[in-house]
Amino acid sequence: MSSPTGPASGLPVRMPRPRQPGRHRRPEPLAAPEGAPALVLAVPGTPAAATRSLAEEVVSIARSELPGLDARIGYLDGDDSRFPTLQAVLTHAAEERSARYEQAKAAGMDVKEPDGPVAVVVPLLAGPDSALLRRIRQAVMDSRIAADLTDVLGPHPLLAEALHVRLSEAGLARADRARLFAVTTAADGIILGAVGGEEAVQAAGITGMLLAARLAVPVMAAALDQDGSIASIADQLRSSGSQQLALAPYLIGPEIDPAVIEEAAREAGCSAAEPLGPYPAIGKLVLAKYTTALGIAPQQAQGAPVR
């Protein structure tokens with residue numbers, strides 16, 4: 001038992017650690033606000049075990065960055081059994097929110113009726129794809145649930161970092177141990193393969209400029225879903241002096257059949273890296289889209305500086 005002046009038995013008292021003053025103090029940890037909308041990851045492509053594993057890892061990264069986050073996965077081409085559709089996930093989130101409110105009211109708690117969006121829908125897309133975004137928007141409308149739909153994840157410096165890592169993992173670019181800056185590269189020309197038409201190619205080109213600055217080699221974007229586009233860009237790079245080319249898929253993974261990437265690399269006569277997949281930056285960018293939609297501000301997702 002202790003007294004106002006200290007511990008009665010001589011036992012140490014654990015005192016709270018004072019906050020470090022000044023601009024270098026650690027930021028207060030951010031948690032999801034109580035009653036915040038769910039983050040619903042909209043996953044394109046044909047559902048499969050590998051797709052589910054990828055999506056679960058992405059939302060796991062987001063949850064680790066924002067404790068208390070209600071993160072869910074909805075599949076654009078789901079079957080509402082093993083792979084719930086985006087529409088079903090939104091409906092379920094709304095039903096759960098209403099049920100929590102009714103339970104709190106029944107328990108005599110002074111609670112405010114929930115308002116505002118039930119969910120924030122984040123497309124699992126590196127770049128714009130008007131056809132897929134139209135379908136995601138339609139699924140949100142068909143659910144008749146109040147939900148905000150964010151933009152796609154790129155362009156962003158973190159995606160350039162992720163592309164660099166995937167190229168280095170495939171032996172197509174060398175990186176040093178500190179901050180992944182290129183020392184030498186196995187490829188002297190990079191083709192960024194995007195899906196979603198001309199708009200997607202232009203957006204990929206912005207991230208391509210950041211990647212070119214990291215690798216100090218030419219980077220050009222082309223459409224994976226357009227016949228001959230990758231091979232045409234390969235010819236342009238070779239005519240400008242590049243001889244050892246590499247294909248870097250500018251996509252998360254589920255958006256396109258992997259065979260399309262293999263065929264494009266074969267036609268271009270080059271090797272290909274893996275898609276971005278569940279690289280940690282993907283989860284952070286998904287969370288950044290969510291927090292921006294809510295107007296809360298975690299530490300901004302930033303890529304390593306380029307020099």
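## Tyr-75 and its surroundings

Set aside the neighbours within four places in sequence, and Tyr-75 is in contact (heavy atoms within 4.5 Å) with Val-43, Pro-47, Thr-51, Arg-52, Phe-83, Pro-84, Thr-85 and Leu-86. Bear in mind that this is a predicted model, where local features need pLDDT of at least 70 and side-chain atom pairs count only at pLDDT 80 or more, while totals for chains, interfaces and linings use all residues. Numbering runs from 1 along each chain as its sequence is written, and side-chain values use heavy atoms, with hydrogens and water left out.

Tyr-75 is found in strand β4. Helices and strands here are DSSP runs numbered from the N terminus (helices are H or I with at least four residues, strands are E with at least two). With a relative accessible area of 3%, Tyr-75 is buried; that word means under 20% relative accessible area, exposed means over 50%, and partly exposed is in between, using a 1.4 Å probe and protein chains only. Its ring also has company. The count of aromatic pairs comes to one, under a rule that takes rings of Phe, Tyr and Trp (its six-membered ring) with centres within 6.5 Å, and calls planes under 30 degrees apart stacked, over 60 edge-to-face and the rest tilted. The rings of Tyr-75 and Phe-83 have centres 5.2 Å apart and planes at 85 degrees, so this pair is edge-to-face. Phe-83 is buried too, with a relative accessible area of 3%.

Another residue of strand β4 is Arg-72. Is Arg-72 buried or exposed? At 15% relative accessibility, Arg-72 counts as buried. Beyond its neighbours within four places in sequence, Arg-72 is in contact with several residues, including Leu-39, Val-59, His-92 and Glu-96.

Next door is β3. Six of the six residues of β3 are buried, so the strand is largely enclosed by the rest of the structure. In a regular strand the side chains alternate between the two faces of the sheet. In β3, Ala-38, Val-40 and Ala-42 are on one side and Leu-39, Leu-41 and Val-43 on the other, and both faces are covered. Strands count as paired if DSSP finds at least two bridges between them. β3 runs parallel to β4, joined by five bridges, with Val-43 opposite Tyr-75. β3 also pairs in the parallel sense with β5 (residues 119-123) over five bridges, and there Val-40 has Val-121 as its bridge partner. Val-40 and Tyr-75 are 35 residues apart in sequence but 9.9 Å apart in space, C-alpha to C-alpha.

Now for two helices with a buried face, side by side in a table. The arc is that of the directions from the helix axis to the C-beta atoms.

| Helix | Buried residues | Arc of buried residues |
|---|---|---|
| α1 (residues 49-65) | Thr-51, Leu-54, Ala-55, Val-58, Val-59, Ile-61, Ala-62 | within 150 degrees |
| α7 (residues 258-268) | Ile-261, Ala-264, Ala-265, Ala-268 | within 100 degrees |

An α-helix has 3.6 residues a turn, so residues three or four places apart point the same way. On α1, the face turned away from the buried side carries the exposed residues Ala-49, Ala-50 and Ser-64. What covers the buried residues of α1 includes β3, β4 and α8 (280-294). The end C-alpha atoms of α1 are 25 Å apart, in agreement with the 24 Å expected for 17 residues at 1.5 Å a residue (1.5 Å times one less than the number of residues). On the other side of α7, Glu-262 and Arg-266 are exposed, while the cover over its buried residues includes β7, α6, β9 and β10.

Those last strands belong to an open sheet of four, ordered β8-β7-β9-β10, with parallel pairing. β8 (219-223) and β10 (271-272) stand at the edges with a single partner strand each, so one side of each is left without a neighbour in the sheet. β7 (residues 189-194) and β9 (residues 245-249) run parallel and are joined by five bridges; Gly-193 stands opposite Pro-249 in β9. Helix α4 (residues 157-169) packs on this sheet, touching β7 and β9, and its direction makes about 130 degrees with that of β9. Helix α6 (residues 229-239) packs on the sheet as well, touching β7, β8 and β9, at about 160 degrees to the direction of β8. Axes are lines fitted to C-alpha atoms, for helices over the stretch in contact, and angles run from 0 to 180 degrees between N-to-C directions.

Zooming out, the protein chain has eight helices and 10 strands, and 44% of its 307 residues count as buried. Among its contacts between residues at least 6 apart in sequence, 74% join residues at least 24 apart.
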